Amino acid sequence: DYVVANPPFSDKTWSTGLVLGEGGSGDRFQRFSWGVPPRKQGDYAYLLHIIRSLKSSGKAACILPHGVLFRGNAEAVIRKNLVQSGLLKGIIGLPANLFYGTGIPACIVVIDKQDAQARKGIFMLDASKGFMKDGNKNRLRDQDIHRIVDVFNKQSEVPRYSRFVTYEEIADPKNDFNLNIPRY
């Protein structure tokens with residue numbers, strides 16, 4: 001029904017022992033029908049596994065590095081298929097230096113299989129500036145978390161913070177399914 005995940009960023013061992021052919025053939029769980037993630041960056045491997053594991057009305061939130069929103073090649077193909085599927089309900093951009101072990105910015109990718117075919121776009125929220133410095137790390141304050149939750153749940157459009165972006169705009173050749181939040 002629900003999955004909440006924080007897989008290891010850009011896991012380079014996700015495919016150990018997995019033998020896949022063109023188009024993901026050989027994957028008995030059919031996780032890679034949208035494309036096979038690069039062996040050196042397993043972010044989409046985890047996300048595709050989560051999506052395939054969900055029930056038809058399941059929901060998921062997965063923390064991933066910002067790179068999944070704009071990296072090219074195999075990941076661009078997977079991202080395009082993900083957008084076109086309607087399963088991607090929203091993206092929440094988080095501050096850099098929030099997690100131990102990495103200083104790169106992250107995002108929460110929100111998946112919702114319920115009513116995916118009726119979805120007309122993706123709700124994007126840029127929470128990258130709402131934090132406080134805490135030693136050598138950044139930390140979300142209660143007020144930052146409440147703002148994220150309130151704006152996302154209400155799907156409120158707040159200038160320079162959140163916006164519902166239509167599939168038409170995302171698919172426009174100038175954007176080419178790039179989901180980098182500052183672009184929108």
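This report walks through a predicted model, starting with its sheet and ending with its largest pocket.

## The sheet as a whole

A good place to begin is the open sheet, which has six strands in the order E1-E2-E4-E3-E5-E8. Its pairing is mixed. As general background, the strands of a sheet pair through backbone hydrogen bonds, and they can do so in a parallel or an antiparallel way.

At the edges stand strand E1 (2–5) and strand E8 (162–166). Each has a single partner strand, so one side of each is left without a neighbour in the sheet. On average, and with direction ignored, neighbouring strands of this sheet are turned by 20° against each other.

A helix joins the picture here: H1, made of residues 43–53, packs on the sheet. Helix H1 touches E1, strand E2 (59–65) and E4, and its direction makes about 180° with that of E2.

## Following the strands

Let us look at strand E3, residues 88–93. With strand E4, residues 106–112, strand E3 pairs in the antiparallel sense over five bridges. Within this pairing, Ile91 has Val109 of E4 as its bridge partner, and Gly90 stands opposite Val110 in E4.

With E5, strand E3 pairs in the parallel sense, over four bridges. Here Ile92 stands opposite Leu125 in E5, while Gly93 stands opposite Asp126 in E5. Strand E3 is mostly covered, as five of its six residues are buried.

Strand E5 (residues 121–126) is mostly covered too, with five of its six residues buried. E5 also pairs with E8, in the antiparallel sense and over five bridges. One pair of bridge partners is Ile122 and Val165, the latter in E8.

## A closer look at Asp112

Is Asp112, a residue of strand E4, buried or exposed? Its relative accessible area is 7%. That is under the 20% limit for a buried residue, so Asp112 counts as buried.

What does the side chain of Asp112 meet in a polar contact? One partner is the side chain of Lys59, at 3.0 Å. The backbone nitrogen of Gln114 also lies 3.0 Å from a polar atom of the Asp112 side chain.

Leaving aside residues up to four places away in sequence, Asp112 touches Ser57, Gly58, Lys59, Gly86, Leu87, Lys89 and Arg119. Lys59 therefore appears both in this list and in the polar contact, where residues must have a pair of N or O atoms within 3.5 Å.

## The largest pocket

How much space lies in the largest pocket? The volume is about 360 Å³. Its lining is made up of 16 residues. Those nearest the centre of the pocket are Asp126, Arg160, Tyr161, Ser162 and Ile181.

Which elements each supply at least two residues of this lining? They include E5, helix H3 (142–154) and E8. Two of these elements, E5 and E8, are the strands paired in the antiparallel sense described above. Asp126 is also a residue to recall from the sheet: in E5, Asp126 stands opposite Gly93.

Notes: Residues are numbered from 1 along each chain as its sequence is written. This is a predicted model: local features need pLDDT of at least 70, side-chain atom pairs count only at pLDDT 80 or more; totals for chains, interfaces and linings use all residues. Side-chain values use heavy atoms; hydrogens and water are left out. Two strands pair if DSSP finds at least two bridges between them. Axes are lines fitted to C-alpha atoms, for helices over the stretch in contact, and angles run from 0 to 180 degrees between N-to-C directions. Contact means heavy atoms within 4.5 Å. Buried means under 20% relative accessible area, exposed over 50%, partly exposed in between (1.4 Å probe, protein chains only). A polar contact is a pair of N or O atoms within 3.5 Å; within protein, one must be able to donate a hydrogen and the other to accept it, and residues adjacent in sequence count only if both atoms are side-chain atoms. On a 1 Å grid over the protein atoms alone, a cavity is a set of points where a 1.4 Å probe fits but cannot get out, and a pocket is an open set with protein on both sides within 12 Å along at least five of seven lines; lining residues have an atom within 4 Å of a point. Grid points are joined across faces, edges and corners, and a volume is the space filled by probe spheres set on the points.
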